[in-house]
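Trainee: I would like to request a close look at one part of this model, its nonpolar core. Please describe it in a connected way, together with its surroundings.

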Amino acid sequence: MFVFVCAGCGARLTVPLSQVALPAHAHQKYGNGVQLPVLMAPGTFAVDPEPSGPPWRKWEEIGPDEAAARGVYAPVSALSDGAPGAIVIAPGDADGTVLIPGNRPDGYCCGLDGADGPNVACAQCSLPVASRVDDCSLWQAMWLAPDAVRRLRIDGHGAAPPTWTELMAQNAGTPPYEPIASWRARTEPGHWANYWWSWSPQWEAAAGQALAHLLAASGGQPVLVPGGLAEQVFQRALTALLPAGPPARHAVLAGPGLPAPGGDAPILLVPSHPRTGTTWAPADPVPYLVPLPFGVWRWLAFPVPDLPVPMSGVLPAGVRHDDFDPPAPHPPRLFRADLYVLRRTLVRLPAVRSPWLRKILDDLTHPRHSGLF
């Protein structure tokens, strides 16, 4: 367990926290005017290894050689020249901080977006220490500036990360669809016209990340994924983006609780550990491992059936009406991977320097691909 303190005066800025892997949807911008929940679970923090925040440099200033040294292998509009290692926490886990008065430059929509640098200061010495994010379509978070805070261990040892077996017992997975709220729901609580059932933003971000790896693993050949939910999530985009015709490469789900993959599947869809970020790997190496957040992978590997439709007629004695929940409505549209996460992941894969994959990257926003993302 750790606490973060102000680098200027040493005042404590957070409650005790334990480290977890950076979520795949940490930098996602979802929809327009959508109210997203808190990014991090209470009592946890994650570290973004890349530079973040201002100042920003355009691609023309950076060039391909410097960008490649920073792990970016295809053009982007701009890269941050800020400090690497920003720490993200749940806003409710901040302690001893205050919003900087008047720190609301133009460009915000419904709240704070943190794009212009720290908007939160240490309550004791007024040093800017963090960026509070709560704007519409962004995950609510507090990003601690790495050069303004220090991490202090508050115990001698931490609990060992759960094993894959323990994770399987503890984690039921992340449902693929959920109710989404518009920003109006904040001002009109209980007004259900402001909610609708949609594919989970976490799933769309995870699919964007995994789709980038699937494209890189394809070698420019068709890729087939298992039927069912995995097919709904990946196959439409893979078929549209990759050339048709044999031979096709097969991607299968593999991981704890599943049979050992056969030798004809060179691509495995596997879970990443939610605490450490490490990717599950089989005993016998395979050419390509495509990581998925554990909660998404678990639902793909072990889907939970819909709840039964409420029974009609007279309820049995002792049973209340609300003991029966209606099945979760299915989203009214086909699944779409998150385009921003897909592009962000692709440009950070060395394989994107291959002409065929670079062409896919450049064509992602072509009108013929409308509806995929």
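Mentor: Of the 373 residues of the protein, 42% count as buried. The model is a predicted one, and the protein in it has 8 helices and 18 strands. Among contacts with a separation of 6 or more, 64% join residues 24 or more positions apart.

In soluble globular proteins, nonpolar side chains tend to be buried together. Here the largest nonpolar core has 59 residues, and L214, L215, F234, L238, L300 and L346 are those with the most contacts inside it. Helix α4, residues 201-218, supplies the largest share of this core, 10 residues. A second core, separate from this one, has 18 residues, including A11, V129, A130 and A145.

Helix α4 is therefore a suitable place to begin the close look, given its share of 10 residues in the largest core. Within α4, L215 deserves attention: beyond the residues up to four places away in sequence, L215 touches L238, L241, L242, L342, L346, W356, L357 and I360. Some of these partners lie in two other helices, to which I turn next.

One is helix α5, residues 229-241, which packs with α4 at an angle of about 50°, the axes being 11 Å apart. That angle makes α4 oblique to α5, and the crossing of the two helices is right-handed. From α4, the residues W203, A207, A210, L211, L214 and L215 meet L229, V233, F234, A237, L238 and L241 of α5. By class, this contact has 12 nonpolar residues, with no polar and no charged ones.

The other is helix α7, residues 339-346, whose axis comes within 7 Å of that of α4 and crosses it at roughly 40°. The two helices are therefore oblique to each other, and this crossing, too, is right-handed. On the α4 side the participants are A205, G208, Q209, L211, A212, H213 and L215, while α7 contributes V341, L342, T345 and L346. The contact of α4 with α7 comprises 7 nonpolar and 4 polar residues, and no charged residues. L211 and L215 appear in the contact with α5 and also in the contact with α7. An α-helix has 3.6 residues a turn, so residues three or four places apart point the same way.

Helix α4 also has a partner in a strand. P293, in strand β18 (residues 288-293), touches A206, as well as A24 and S272, when residues up to four places away in sequence are not counted. The C-alpha atoms of P293 and A24 are separated by 7.1 Å, although the two residues are 269 residues apart along the chain. P293 itself is partly exposed, at 24% relative accessible area.

For comparison, two other sites may be considered. In helix α1, residues 59-69, the buried residues are W59, I62, G63 and A67, and the buried residues of this helix pack against β5 (56-58) and β6 (78-80). After α1 comes G71, with a positive phi near 85°.

The second site is R132 in strand β10, residues 128-133. R132 counts as buried because its relative accessibility is 19%, and the limit for buried is under 20%. Apart from neighbours within four places in sequence, R132 is in contact with P91, L99, L112, D113, G114, N119, V120, Q140, A141 and M142.

Notes. Residues are numbered from 1 along each chain as its sequence is written. This is a predicted model: local features need pLDDT of at least 70, side-chain atom pairs count only at pLDDT 80 or more; totals for chains, interfaces and linings use all residues. Side-chain values use heavy atoms; hydrogens and water are left out. A nonpolar core is a set of buried Ala, Val, Leu, Ile, Met, Phe, Trp, Tyr and Cys residues joined through side-chain atoms within 4.5 Å. Buried means under 20% relative accessible area, exposed over 50%, partly exposed in between (1.4 Å probe, protein chains only). Helices (H or I, at least four residues) and strands (E, at least two) are DSSP runs, numbered from the N terminus. Contact means heavy atoms within 4.5 Å. Axes are lines fitted to C-alpha atoms, for helices over the stretch in contact, and angles run from 0 to 180 degrees between N-to-C directions. Angles under 35 degrees count as roughly parallel, over 145 as roughly antiparallel, 65 to 115 as roughly perpendicular and the rest as oblique. A crossing is left-handed if the near helix is turned anticlockwise from the far one by less than a right angle, and right-handed if clockwise. Ala, Val, Leu, Ile, Met, Phe, Trp, Tyr, Cys and Pro count as nonpolar, Asp, Glu, Lys and Arg as charged, and the others, Gly among them, as polar.
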